[in-house]
Amino acid sequence: MDLTIEDLKCQTALNYDKELCVCKKVSYRTIYKEIIENKLLTVESIAEKTSASTGCGGCVNRIESLLEYAKKNNYEPLP
Ligand code: FES
């Protein structure tokens, strides 16, 4: 099941340090930071920077949701 932006917002509001990519142990915070600091726009560019999504691939939808969330959040830093 794909996460909606609101679902993701609730999850990340609870704990930004939760692992987004379990295989490579990369948190939502780490990936979000890379997105806003390096203007990353694709899952592939995030994979190059963080290794996220290069294991089982099961987190690709979460990365796509986070990319969408960052865009809707005007690339504002996390609290
Ligand atoms: S959970 Fe990210 S590659 Fe497996």
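Q: What percentage of the 79 residues of the protein count as buried?
A: This is a predicted model, in which local features need pLDDT of at least 70, side-chain atom pairs count only at pLDDT 80 or more, and totals for chains, interfaces and linings use all residues. Residues are numbered from 1 along each chain as its sequence is written. A residue is buried if 20 or more other C-beta atoms, placed from the backbone, lie within 10 Å of its own. By that count, the buried share of the protein is 25%.

Q: Which element of the protein has the highest mean pLDDT?
A: Happily, the predictor reports its confidence in each residue as pLDDT, from 0 to 100, and the protein averages 88. Helices here are DSSP runs of H or I with at least four residues, strands are E runs of at least two, and both are numbered from the N terminus. Helix 1 (residues 5-14) has the lowest mean, 62, while the highest, 97, belongs to helix 3.

Q: Which helix gives the most to the largest nonpolar core?
A: Such a core is a set of buried Ala, Val, Leu, Ile, Met, Phe, Trp, Tyr and Cys residues joined through C-beta atoms within 7 Å. The largest one has 14 residues, and Leu 20, Ile 31 and Ile 35 are among those with the most contacts inside it. Strand 1 (19-21), helix 2 (28-38) and helix 4 (60-72) each supply at least two residues. With four residues, the top contributor is helix 2.

Q: Is Thr 30 buried or exposed?
A: Let's stay in helix 2, where Thr 30 is found. Because Thr 30 has 20 other C-beta atoms within 10 Å, Thr 30 is buried.

Terms used
A residue is buried if 20 or more other C-beta atoms lie within 10 Å of its own, exposed if 12 or fewer, and partly exposed in between; C-beta atoms are placed from the backbone.
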